[in-house]
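Here are a few worked exercises to try with a structure open on your screen. Have a go at each task before you read the solution.

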Amino acid sequence: NRLHATIADINFEGILANASGVHCQTKEELAELLASPYVATAVTKSSTKEVRTGNPKPSYYEFEQGSINSMGLPNNGFDYYLDYVSQDHSQKPVILSVASLSMTEGIELLKRVQDSDFQGITEFNLSCPNVVGKPQVAYDFETTHQILTEVFKFFKKPLGVKLPPYFDFAHFDQMADILNQFPLSHINSVNSIGNGLYVDVETEASVIKPKKGFGGLGGAMILPTALANVRAFRERLNPDIKIIGTGGVTSGEEVFAHILCGADLVSVGTELQRQGIGLFEKLQHELLMIMNEKGYQSIDEFKGQLKTM
Ligand SMILES: O=C(O)c1[nH]c(=O)[nH]c(=O)c1Cl
């Protein structure tokens, strides 16, 4: 297969996935993703111990250049998703996303994953920007190091982390130094750009209700930030730590660019929300056309091979 990847000894046929949060709240949505031949894996909505309804609506808004969301971690509860991923989906791997509303809750949930029958990949979301009063954990390097140290005392199954975007080389360096200390299966980079603000000039108002309109940014406009983070971490991380590239994918071109920067899998959020599951066939077709034009048989021939001047 020309499009393949391996994370933590788990083989993926194809390289496309949903970004956590989109089309992954219910078992039906997850099953629909897995049923698509163009989807390599499905990532669950980040789950918390308790069921959450999330922030007041409207909490999601699309505009030409992208999207803004302050969903507030709505999810059907950890047990619901652990039950689903523990069922047999042998035809495809499923990634269980776990949120951390507090250090103790995150650790408790990961202990339950460790003690469960689930043998797949868990992704620890350290970057939700929309829970009122809660900081994005991964912007606090000390706390991140502390949590990962605690987790890896007991967690022996494949574990990755969902990271927010960073914007400073000192932060790329500091975060990579921390991550390289742990046997992570992967990082997923980037989460939305936190706390943007979209203003509707006509109404002179913000467009989502939570946090006076502040929310995470996604879609086409975050592509350069997403690619920079994928590239920066690929250059800095131990090669055993794989990368799921997320952010700004609307066509095969951006999938190609993410792989060129070093992504092993590529996930799609805003555009999937817009176009629905049919998008994955389009993305895979466009990627293969680009590879044909360039004479690449497999993505291994160009993965991480970004040229510089
Ligand atoms: O508001 C959300 O649910 C949310 N929204 C995001 O853009 N990223 C996240 O990680 C989460 Cl958890």
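**Exercise 1**

Leaving aside its neighbours within four places in sequence, which residues is I107 in contact with?

*Solution.* Keep in mind that this is a predicted model. Start by placing the residue: I107 sits in helix α3. Next, check its accessibility. I107 has a relative accessible area of 12%, so it is buried, since the cut-off for buried is under 20%. Now skip the neighbours within four places in sequence, and the contacts of I107 turn out to be E150, V151 and F154. For a sense of scale, take K242, which lies 135 residues from I107 along the chain, with 23 Å between the two C-alpha atoms.

**Exercise 2**

Work out how helices α2 and α3 are arranged, and say which residues meet.

*Solution.* Two numbers get you going: packed helices are described by the angle between their axes and the distance between the axes.

1. Helix α2 covers residues 78–86 and helix α3 covers residues 103–114; their axes are 12 Å apart and make an angle of about 25°.
2. Angles under 35 degrees count as roughly parallel, and therefore α2 and α3 are roughly parallel to each other.
3. The crossing of α2 past α3 is right-handed.
4. On the α2 side you'll find F78, D79 and L82, which meet L109, R112 and V113 of α3.
5. Sorted by class, the contact of α2 with α3 comes to 4 nonpolar, no polar and 2 charged residues.

**Exercise 3**

Now do the same for α1 and α2: at roughly what angle do their axes cross, and which residues meet?

*Solution.* Helix α1 spans residues 27–35. Its axis comes within 11 Å of that of α2, and the two cross at roughly 30°. That makes α1 roughly parallel to α2, and the crossing is right-handed. Moving on to the side that each helix offers, α1 brings K27, E28, L30, A31 and L34, while α2 brings Y80, Y81, D83 and Y84. By class, the contact of α1 with α2 holds 6 nonpolar, no polar and 3 charged residues.

**Exercise 4**

Is S185 buried or exposed, and what does its side chain reach?

*Solution.* Find S185 in the loop between α5 (169–179) and β10 (186–189). Its relative accessible area is 5%, so S185 is buried. The side chain of S185 then gives you two things to look for. One is the backbone nitrogen of G160, reached at 3.3 Å. The other is the side chain of H186, joined to that of S185 by a polar contact of 2.8 Å. To see what else surrounds S185, leave out its neighbours within four places in sequence: the contacts are then I7, A8, I121, P158, L159, G160, D240, I241 and K242.

**Exercise 5**

Describe the surroundings of Y139, starting from its place in the chain.

*Solution.* Y139 is in the loop between β8 (121–125) and α4 (141–151). With a relative accessible area of 35%, Y139 is partly exposed. Set aside the neighbours within four places in sequence, and Y139 is in contact with P164, P165, Y166 and F167. Zoom in on P165: its backbone oxygen is reached by the side chain of Y139 at 2.6 Å. Q181, meanwhile, is 42 residues from Y139 in sequence and 17 Å away in space, C-alpha to C-alpha.

**Exercise 6**

Hunt for backbone oddities: where are there cis peptide bonds, and which residues other than glycine have a positive phi?

*Solution.* First, the background: most residues other than glycine have a negative phi, and most peptide bonds are trans.

- The peptide bond from K57 to P58 is cis, with omega near 0°; P58 belongs to the loop between β4 (42–43) and β5 (60–63).
- S189 and V190 are also joined by a cis peptide bond, with omega about 15°. V190 is in the loop between β10 and β11 (193–197).
- A8 isn't a glycine, yet has a positive phi of about 55°. Look for A8 in the loop between β1 (4–7) and β2 (10–13); at 32% relative accessibility, A8 counts as partly exposed.
- N195 has a positive phi too, near 55°. This residue, N195, is in strand β11, and its relative accessibility of 35% makes N195 partly exposed.

How values were computed. Residues are numbered from 1 along each chain as its sequence is written. This is a predicted model: local features need pLDDT of at least 70, side-chain atom pairs count only at pLDDT 80 or more; totals for chains, interfaces and linings use all residues. Side-chain values use heavy atoms; hydrogens and water are left out. Axes are lines fitted to C-alpha atoms, for helices over the stretch in contact, and angles run from 0 to 180 degrees between N-to-C directions. Helices (H or I, at least four residues) and strands (E, at least two) are DSSP runs, numbered from the N terminus. Angles under 35 degrees count as roughly parallel, over 145 as roughly antiparallel, 65 to 115 as roughly perpendicular and the rest as oblique. A crossing is left-handed if the near helix is turned anticlockwise from the far one by less than a right angle, and right-handed if clockwise. Contact means heavy atoms within 4.5 Å. Ala, Val, Leu, Ile, Met, Phe, Trp, Tyr, Cys and Pro count as nonpolar, Asp, Glu, Lys and Arg as charged, and the others, Gly among them, as polar. Buried means under 20% relative accessible area, exposed over 50%, partly exposed in between (1.4 Å probe, protein chains only). A polar contact is a pair of N or O atoms within 3.5 Å; within protein, one must be able to donate a hydrogen and the other to accept it, and residues adjacent in sequence count only if both atoms are side-chain atoms.
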